[in-house]
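Welcome, and please open your viewer. We will go from one selection to the next and see what is there.

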Amino acid sequence: MSPQLNPSERPMPELPGVRHAYAEVRGLRLHYTEAGPADAPPVLLVHGFPQHWYAWRHVLPLLSGDRRVICLDMPGFGWSEGAPGRWSTAARAADLVGFLDAVDLAAVDLVAHDWGAWAGFLACAERPERFRHFLALNMVHLWPLRKNTLGTAWRFWYTVALEWPPFGRAMLRHWPAFTRFLLRRGVADRSVLHAADLAEFAEAAREPLAALAGESIHRAFVAHDIAALRRKEFHGMRLRTPTLVLAGAVDPVIPPRLLEGGEDFCDDLRVEVVPDAGHFLPVERPALVAGCAKRLFGS
């Protein structure tokens, strides 16, 4: 087992009705929150970069009335432990399944954003019996058309500053203005981002472990996933989990055209484009996200 790395000791942001807990997942102590009735159908919410469980602060109250809503801090982020080798897509997908084992859940509905959704696609494809439905936000599936990936690669220019160790972690630790820039750049209407929320995620990204995690996720994608996409390694997989992808019409990172091409590899894949929305739908359109989740889960 790789050595454990200690999580943040920063105070957690407060959200009414939220319960905090920890689970031992494949040798790491991962933090998660819960809200809603403990005996209600469970839904797992998984954040992206550069965030943690608090990314769901607007969505969680809209789902917790009749759902057991669980928000997981992925390894290295928020208040979860991390370890070298645990930031590849395969490792993060395994951690999603490992978390379900740790909290004794046979299957859940899954809502995931950004890099959380990228791992979610792989987890659902590999272990469809563990995920009843999947709502993916602002992320491409595993089977994009090559012509579209080549035409949109320039949108990932900012990852050059993140994917090279040790510069990526140094950028996140010592230049919080960069994290704020990424968050502001990602939304269509900057008024949805309050100063306190920007400060929370910028400070969280400055934690040594979170900075390493942010660097490592981007490095792993460049080192492994890009080559896997080029070799069409995911074409041997099939997504059997009923899946809805929500894309922001003006998402500067994942434009809607990247979501073409997945139909031949999925049993039930739908894509909806949200007008005048960017890359952070959980804060830009929380009511829409919650409404789509309820319709998907009830189908």
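**Stop one: helix H3**

Eleven of the twelve residues of H3 are buried, so the rest of the structure largely encloses this helix. Keep in mind as you look around that the model is predicted.

Select residues 115-126 to bring up H3. At 1.5 Å a residue, the helix should span 16 Å, and its end C-alpha atoms are 17 Å apart, which agrees. Now colour the buried residues, which include Trp 115, Trp 118, Phe 121, Leu 122 and Cys 124. Gly 116, Gly 120 and Ala 117 are also among them.

What do the buried residues of H3 pack against? Add strands S3 (42-46), S5 (108-113), S6 (131-137) and S7 (243-248), then helices H2 (89-102) and H8 (208-230), to show these partners.

**Stop two: Pro 165**

Next, select Pro 165, in the loop between helix H4 (146-152) and helix H5 (167-174). Pro 165 is partly exposed, with a relative accessible area of 40%. Show Glu 215 and Arg 219 too: beyond its neighbours within four places in sequence, Pro 165 is in contact with these two. For a distance label, try Pro 165 to Leu 212: they are 47 residues apart in sequence, and their C-alpha atoms are 8.7 Å apart in space.

**Stop three: the whole chain**

Zoom out to see ten helices and eight strands. A compact globule of 299 residues would have a radius of gyration near 19 Å, and the chain has 17 Å, which agrees. Buried residues make up 60% of the chain. Finally, colour by charge: there are 33 positive and 33 negative side chains, and the centres of the two sets lie 4 Å apart.

Methods. Residues numbered from 1 in each chain as written. Predicted model: local features only at pLDDT ≥ 70, side-chain atom pairs only at ≥ 80, totals over all residues. Heavy atoms only, no water. Helix = DSSP H or I, 4+ residues; strand = E, 2+ residues; numbered from the N terminus. Expected span 1.5 Å × (residues − 1). Buried < 20%, exposed > 50% of the residue type's maximum accessible area, 1.4 Å probe, protein only. Contact = heavy atoms within 4.5 Å. Rg over C-alpha atoms; globule rule 2.2 N^0.38 Å. Lys, Arg positive; Asp, Glu negative; His and termini not counted. Charge placed at Lys NZ, Arg CZ, Asp CG, Glu CD.
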